[in-house]
Number of protein chains: 2
Amino acid sequence: MLGVGARHLGIGIATSAGLLASARLLAEPSKASSEAQPGAPRKLVGLQSPVPSDIAIAQAAAVQNVADIATYAGILPSELEMHGTKMAKVSLDVRERLASRPDGNYVVVTGINPTPLGEGKSTTTVGVSQALGAHVGVPVFTCVRQPSMGPTFGIKGGAAGGGYAQVLPMEEFNLHMTGDIHAITAANNLLAAAIDTRMLHEATQSDGALFARLTPAGKDGVRRFAPVMLRRLSKLRINPALRGKERTDAALSDGEQLDLDADYEPQSLTDAEAGAFARLAIDPATITWNRVVDVNDRFLRKIAIGLGPAEKEHGGRSTGYDISVASEIMAVLALATGLGDMRERLGAMVVGASRARQPVSADDLGLGGALTVLMRDALKPTLMQTLEGTPVLVHAGPFANIAHGNSSIVADQIALKLVGRDGFVVTEAGFGADMGMEKFFDIKCRYSGLRPNCVLLVATVRALKMHGDGPAVVAGRPLPAAYRTEELALLAKGVCNMQKHIENAAKFGVPVVVCVNRFATDTEAELQLVKEAALKAGAEAAVVGAHHAHGGMGAVDVAKAVQAACAKSRADEARGEGGFRFLYPLEAPLKAKIETIAKEIYGASGVDYSEEAEAKLALYTEMGFDKLPICMAKTQYSFSHDAARKGVPTGFVLPIKDVRVSVGAGFVYPLCGDMSTMPGLPTRPAYYDVDIDQKTGKIVGLF
Amino acid sequence: MLGVGARHLGIGIATSAGLLASARLLAEPSKASSEAQPGAPRKLVGLQSPVPSDIAIAQAAAVQNVADIATYAGILPSELEMHGTKMAKVSLDVRERLASRPDGNYVVVTGINPTPLGEGKSTTTVGVSQALGAHVGVPVFTCVRQPSMGPTFGIKGGAAGGGYAQVLPMEEFNLHMTGDIHAITAANNLLAAAIDTRMLHEATQSDGALFARLTPAGKDGVRRFAPVMLRRLSKLRINPALRGKERTDAALSDGEQLDLDADYEPQSLTDAEAGAFARLAIDPATITWNRVVDVNDRFLRKIAIGLGPAEKEHGGRSTGYDISVASEIMAVLALATGLGDMRERLGAMVVGASRARQPVSADDLGLGGALTVLMRDALKPTLMQTLEGTPVLVHAGPFANIAHGNSSIVADQIALKLVGRDGFVVTEAGFGADMGMEKFFDIKCRYSGLRPNCVLLVATVRALKMHGDGPAVVAGRPLPAAYRTEELALLAKGVCNMQKHIENAAKFGVPVVVCVNRFATDTEAELQLVKEAALKAGAEAAVVGAHHAHGGMGAVDVAKAVQAACAKSRADEARGEGGFRFLYPLEAPLKAKIETIAKEIYGASGVDYSEEAEAKLALYTEMGFDKLPICMAKTQYSFSHDAARKGVPTGFVLPIKDVRVSVGAGFVYPLCGDMSTMPGLPTRPAYYDVDIDQKTGKIVGLF
């Protein structure tokens, strides 16, 4: 079992005696026979050893028509929007149709703090799904994120799993897919253009002219507010019924919606009201809305815009680009619970503040509706399949560096209904468990209302040795010998990292199964040591997985352990014992919430706020954003803010350098250091190898 | 019949006596009966008067499943890639399967020099197609461009036709469609990032380090060139067989491909060869490759990039964004004749010059293959339908301001095979005929090898009055009275504009049918005057069209005139008379080609080149780009370079301010003035009205 990085380093894979147990399963009559109905789980490609390249395996697979996958999974043709024969968008109507059906078991896959090579979390997510669906024989859905296309052409490493645990078709998965990220890019950049253009128009027009242009007469000669404008009027408490009773600039952030008449005539506003409505007065220094592109373009990290003759005079300014998945719109997509909710979140996104320190939203700019239209199709998850024909929903991929790094709520909800009570939904949380799992629970589950039944924690001997003070692991350099030979002392010292993650999961009341993602060089003694340490820390089970080399067959034991843990979790809950709980209440002050995460999850002794962070926390509290959950922006390589501190660091004070807020997505994100939001390209990017074979029409050189 | 702009101004539409002739046709048994087979042409929505909004008509239509449209049109299921049920991508395999079938009649729709409100060229393209397919009853395909999404949210005006002559679904048509423009944006910006990052890496690494990193050892420890690198080696004439015989920097532009061995070992290069290979030495001042975005974002017209600490030291520079459709990749998509041809064109795109004045291409940067992969799906045209169920191929939309402004070659080729000998393909050329038609003939037909049978020239009484010195027509302002009342004198003075376009078409040997796109305020005397003037100038026919208000029924006379003109053109050709010819031979020097267009088509007395233009023409000739066709970048509002000069200006000298080249697309484009490549947003952009009706899920406020 090799992660992305290990494959990159060219390490071969060998079968091992430890696989015999699961290999025996193959001799038993499989529940997915070769005469299964169309769309049923089945092996789409034969196993080879050594394991070929990811793209070679993927292109050799007999991909099923995704319409058959859908039918088998219980999706109606009317709920399916085909994109060719291998991908389809799934309507959210599935949830409503199956509203009365109980949800399936909800399994979140997370990991210990990884090496820079990755520890195979996606591969495990896919592998255990293949095991559940094609070997154990229970209904299963895999829910994963859509990867950013930028890194695809930068440094190699697909996001569709690897080896014999992959999502198909891997080319589309890693490229345009069904266009969701492109929609985000378009929506994000329309909002950015609107901000700068509005500032220009405000700089060059009087209040009166601005208001007149914003509310022109229609074909019938009557001036009207656009429906989106009523939101701003309501926020400003501009309403005939209130005139003379309240100041138009009062209570901007109390969220109360005034019941305004759409036919309320613009002419009836006082000059002061018209001015307040028309002039957003955005303070350029407060703008947090960057432009985005789905390319690793480091030269866009910091740029100056508006240097043309017509724009320069009124506001050339410094700004930057992020990679598209870092857009707040991606986080909104992941956290929206439906079309109406997405509309509200998109409109609520705050792009900066007025000179009077009032938040300026996308709806203030008139854009909430248009952004929703651009994102309408993106809200539907994309149905794909694993190498063993089990269904996968690919949807959203918020950047784990600054957002919550989890796939979408709606995909999980659809999947939980489709698998039904005895089925399983395996969903992946990004980064290590201190980040991805905590956010999964405290942000995603909080907004979705879904309750997880089991944490599947992925660990590797390699990463645990690193946490035991093993030599540095650097992408692109040969792996030191300690990682290729038995080193029980290093390992014994490093298992504490895994143990702390197991203990953390317990704080949420969710049972943990550890999957040791096996590498060819792992020894039996090493694997045993890890398993024992996991059980000692409170894991329900600790099992070795070999899905990269053997597909679902290699993860049958993992699947069975997950099944048992879910059953126990449900039984406990039925008896009123245990059960899922959040780490902190939303009502707590921002600082209290930050400190709870820092101390309870990271093991910090305290939190240190920069002056800027203090000011932002005060501002956001003043603006009414203090009831939002916290989304920490921290390295994934350590429990602490310092990537070099391995194992379980203690006694450190977590520094909060700055704080930002994603009002639409719905979280406040403190920055524990400089978080990159735009990767670069290496000297020899992966694109050198990518081409189309003109004879076969197939893509070559992609992973 | 109203163009986009007229609808915008709120002018109503009334039926007129002139429509009775075509209305009578309805009483005859229609060839498309109500019991027609699925996918057959039929009216999808009933006519109303006054004509509702475009989106109201479109959403009321009973859209057919595009799979049925495809079957009826002769496309096999295996050649179709569904995108939902209303759009599908069509495989280029259709051409090969039907290679032996004769092409249908090829009709290009163009227009006189328009007013800023547009004269209904797209509406006519759709309307005459509906007439041919649903009323005359012959096989027909409409081929149109995909519109840029930027203006959709800026100043209103859909591109899918209008009234009862529209392409469905109009929402998708005007928004993401099947993602082709998004693919162009992604590919364009990957190339841009590659340029700047390569310059950074070259600035910070020695020749040796650069070469070593570009040709690293694989898993087997062997260093190899990527296949794309062999193209650069060939261009540089680096080859063991040549060593000592030729200088490595010689004959860079002779295009000769050396037969290189892919297993040729990088180590065997001399240091000088390795340096020449690895160091592109791009001169930042020569870079012509801009980034693009499909948003009207004027603040990106001129920007400074690379201002971050790591980049600034080595090359922050000034650059800009264009709207995505202005990307050369869009022009490549439109002119490529197949996947292999697109691969060559994408790799050949020149992004700038080296310090030694050698062109640097996408393949030099290692990107030709990756760009092709990104554009693979975009190469397939998208099948949609008109309001009367006739098939439409939507494909490509190169920006008419700087490129050739015509839809794709492959769509026309597919359509011509599908309709067969007696069928019709109606394709639209952007801008006025002096621009769009000339480029259609001299660029598009040159690369496609296709031969047009008929020009359908769209004229309006409104625009012809303007050419007769009528008052200025300004978008957003009420139309002066002269355009709403009978003004025969103005009209008589202005018909010269139409007549010159008719005479120009004759220079290519193609017969012209004039369609007078009727407005409600046009009088019979006015229409008669225009028709007579058209026939006098040599038009085969001049017919009034009323498709906006009446759909195909309103354009039956136009369709029949087109049918007759095509029949005559074919008969003439069969007798060896007339026939299509280019305006200039490719072998002529660049200046001779420019001057031929300026004098023959525009009526200029001569051409004046700026110093910069002279230098570029010399450089491009030196680089070997002088055999390319010319793609003039000129205003569409006048035959001359001055938009204010109406009618048929004479005695003017055409100024060429600068010259650029699109080597991949395959044309040199002289700039006759400042051509905008990035529109802006107005104070109240169209996005204010756009939203989703949460009850119905339908898009509202889009046109």
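User: Before anything else, when does a charge sit over a ring?
Analyst: A charge sits over a ring if NZ of Lys or CZ of Arg is within 6 Å of the ring centre and within 35 degrees of the ring normal. This is a predicted model. In it, the charged end of A:Lys591 sits over the ring of A:Tyr609, 4.7 Å from the ring centre.

User: And what does B:Arg345 lie over?
Analyst: B:Arg345 lies over the face of B:Tyr447, at 4.5 Å from the centre of that ring.

User: Ring against ring, then. How many aromatic pairs are there over all chains?
Analyst: The count over all chains is 23 aromatic pairs. In one of them, A:Phe441 and A:Phe508 have ring centres 4.5 Å apart and planes at 40 degrees, so that pair is tilted.

User: Where do A:Phe441 and A:Phe508 lie in chain A?
Analyst: A:Phe441 is in helix 17 (residues 436–448), while A:Phe508 is in the loop between helix 19 (488–507) and strand 17 (512–517). The pair therefore ties together parts of chain A that are 67 residues apart in sequence.

User: Is A:Phe441 buried or exposed? What about A:Phe508?
Analyst: A:Phe441 is buried, at a relative accessible area of 0%. A:Phe508 is also buried, and its relative accessible area is 0%.

User: Which residues do ring pairs link into a cluster with those two?
Analyst: The cluster holds A:Tyr106, A:Phe440, A:Phe580 and A:Phe582 along with A:Phe441 and A:Phe508.

User: Over to chain B. Why is the pair B:Phe667 and B:Tyr669 edge-to-face?
Analyst: Their planes are at 75 degrees, and over 60 counts as edge-to-face. The ring centres are 6.1 Å apart. Both B:Phe667 and B:Tyr669 are buried.

User: How do strand 21 and strand 22 of chain B pair?
Analyst: Strand 21 and strand 22 (residues 667–671) of chain B pair in the antiparallel sense, over five bridges. B:Val659 has B:Pro670 in strand 22 as its bridge partner.

User: What's between the two strands?
Analyst: Four residues, and the two strands of chain B form a hairpin. B:Gly666, in the turn, has a positive phi of about 100 degrees.

User: Is strand 21 of chain B mostly covered or open?
Analyst: Mostly covered: four of the five residues in strand 21 (residues 658–662) of chain B are buried.

User: Last topic. How many residues has the largest nonpolar core?
Analyst: That core has 412 residues. Those with the most contacts inside it are Phe277, Met498 and Val514 of chain A and of chain B.

User: What is B:Val514 in contact with, leaving aside neighbours within four places in sequence?
Analyst: Its contacts include B:Leu457, B:Met498, B:Ile502 and B:Val543, and several alanines are among them too, including B:Ala459 and B:Ala534.

Conventions. Residues numbered from 1 in each chain as written. Chains lettered and ligands numbered in written order. Predicted model: local features only at pLDDT ≥ 70, side-chain atom pairs only at ≥ 80, totals over all residues. Heavy atoms only, no water. Phe/Tyr/Trp six-rings, centres within 6.5 Å; stacked < 30°, edge-to-face > 60°. Buried < 20%, exposed > 50% of the residue type's maximum accessible area, 1.4 Å probe, protein only. Pairing = 2+ DSSP bridges. Core = buried A, V, L, I, M, F, W, Y, C linked by side-chain atoms within 4.5 Å. Contact = heavy atoms within 4.5 Å.
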